[in-house]
Amino acid sequence: MKAIYLFIFMMALSFQSYSQTKSATYDVKKKRLQIKSTAMYLSSVSQGTIDIDSAMVLACTANKLPVSFSYDEGYNEGKPVSGSEMVDQNNISGALKVLSKIEKADRIKLLLHLGSHYLFKSGEKKEDLKNAFLYINQAVEASNSLGILKWENQSKLLLAKYYAKAGNLTESKKIFSNVVNENRKSNDKKALAEALYNKGSYLAIDDPDKEKTLAEARLLYKSLKEKELEIEILMKILTIHFWAGNIDLAEKELLEIYKTQKQIGFRHTHYTTAPLTFIYNIKNNPKKALFYAIESVETMEATQDFICADNFYLH
């Protein structure tokens, strides 16, 4: 716990030291990719002292975005959910008053927002899990009553994430699989891709279904021309390969990500080139390691994204 507090303290100093850090002029898809890339890198370089939820908080804070931006993708339809801003400000009593006055899809969206607010909080508090389950369970009941597949999907996906975070991976996988099967029947490629992506993301890294599930989701997103989501999934797949010791394949996938990021105009490529630096150091190729280390610093400075500046300058 002391290590986590120390890491967060150091990050706070970085925020103060590099006050020019600002979010790039991206569309929503690229902003989400930026936040997720930043958080994955932060969590990785902290070597286990900071969990992914805390890393998301830091990434959102550094880019002046609400923390909910990191988890509301499935149910945010482009405009604020009634009462959601109160939840973001931790005004739960105010949000509950709004909840009592709305119904149907709006009620489900706010229940999902409340459940997510507690589920993805930094740290691991039993009280947060308890509160998350309360609102998620209500969302499941409300969506079943409404009978619209989209909201049934979103509620059950969040319930599966709850069980994963509560340590019940068997129940989590079962619910994810049910959602995947329902969307196979509906012939909705986008909904199926989302269900597979969520399932693959939350399966244990040693689960034999993890890579296969993510690979199928990636192919679907590729057919839908969702480049940002395709990149996100490949980042997760290469992590599996890296920890399995398949450095050559992880290198190939990082280079593919780097190429695609440049093609779509995603400028925060330092979260890709920095791991390449690490891989080329492992492979005893100092020339390539130095090339990508310089690339990392140059893109970090060009985007004024200094949240991990110390790490990139150290490389």
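**Exercise 1. Find the residue just after helix 15 that takes a positive phi, then describe the helix itself.**

Step 1. Go to the end of helix 15: just after it, Q304 takes a positive phi of about 55°. Helices here are DSSP runs (H or I, at least four residues), numbered from the N terminus. Keep in mind that this is a predicted model, where local features need pLDDT of at least 70, side-chain atom pairs count only at pLDDT 80 or more, and totals for chains, interfaces and linings use all residues. Residues are numbered from 1 along each chain as its sequence is written, and side-chain values use heavy atoms, with hydrogens and water left out.

Step 2. Check the length. Helix 15 covers residues 286-303, which is 18 residues. Its first and last C-alpha atoms are 26 Å apart, close to the 26 Å expected at 1.5 Å a residue; the expected span is 1.5 Å times one less than the number of residues.

Step 3. Look for the buried residues (under 20% relative accessible area, with a 1.4 Å probe and protein chains only). In helix 15 they are A289, Y292, A293, E295, S296, V297, T299, M300 and T303. Their cover includes helix 13 (247-264), helix 14 (270-282) and helix 16 (309-314).

**Exercise 2. Is K210 buried or exposed, and what does it touch?**

Step 1. Locate K210: it sits in helix 11, residues 209-223.

Step 2. Read its accessibility. K210 has a relative accessible area of 8%, so it is buried.

Step 3. List the contacts (heavy atoms within 4.5 Å). Not counting residues up to four places away in sequence, K210 touches G200, S201, Y202, L203, A204, I205 and I240. A polar atom of the K210 side chain lies 3.2 Å from the backbone oxygen of S201.

Step 4. Try a longer jump along the chain: K236 is 26 residues from K210 in sequence, yet their C-alpha atoms are 9.7 Å apart.

**Exercise 3. Do the same for T260 in helix 13.**

Step 1. T260 has 15% relative accessibility, so it counts as buried.

Step 2. Leaving aside neighbours within four places in sequence, T260 is in contact with K227 and I231.

Step 3. E230 is 30 residues from T260 along the chain, and 9.4 Å separates their C-alpha atoms.

**Exercise 4. Which residues have the most contacts inside the largest nonpolar core?**

Step 1. Know what to look for: a nonpolar core is a set of buried Ala, Val, Leu, Ile, Met, Phe, Trp, Tyr and Cys residues joined through side-chain atoms within 4.5 Å.

Step 2. The largest one has 61 residues, and L110, L112, L114, L119, I136, Y197 and I233 have the most contacts inside it. Helix 12 (residues 227-243) gives the largest share, 8 residues.

Step 3. Don't stop there: a second, separate core of 22 residues includes F69, M300, I307 and A309.

**Exercise 5. Step back and size up the whole protein.**

Step 1. Count the secondary structure: 16 helices and 0 strands.

Step 2. Look at the box: the C-alpha atoms fill roughly 60 × 45 × 35 Å along the principal axes.

Step 3. Work out the burial: 48% of the 315 residues are buried.

Step 4. Finish with pLDDT, the predictor's confidence in each residue, from 0 to 100. The mean is 91, and 92% of the residues reach 70 or more. Over residues 1-21, though, pLDDT stays under 50.

Technical notes:
Helices (H or I, at least four residues) and strands (E, at least two) are DSSP runs, numbered from the N terminus. Buried means under 20% relative accessible area, exposed over 50%, partly exposed in between (1.4 Å probe, protein chains only). A polar contact is a pair of N or O atoms within 3.5 Å; within protein, one must be able to donate a hydrogen and the other to accept it, and residues adjacent in sequence count only if both atoms are side-chain atoms.
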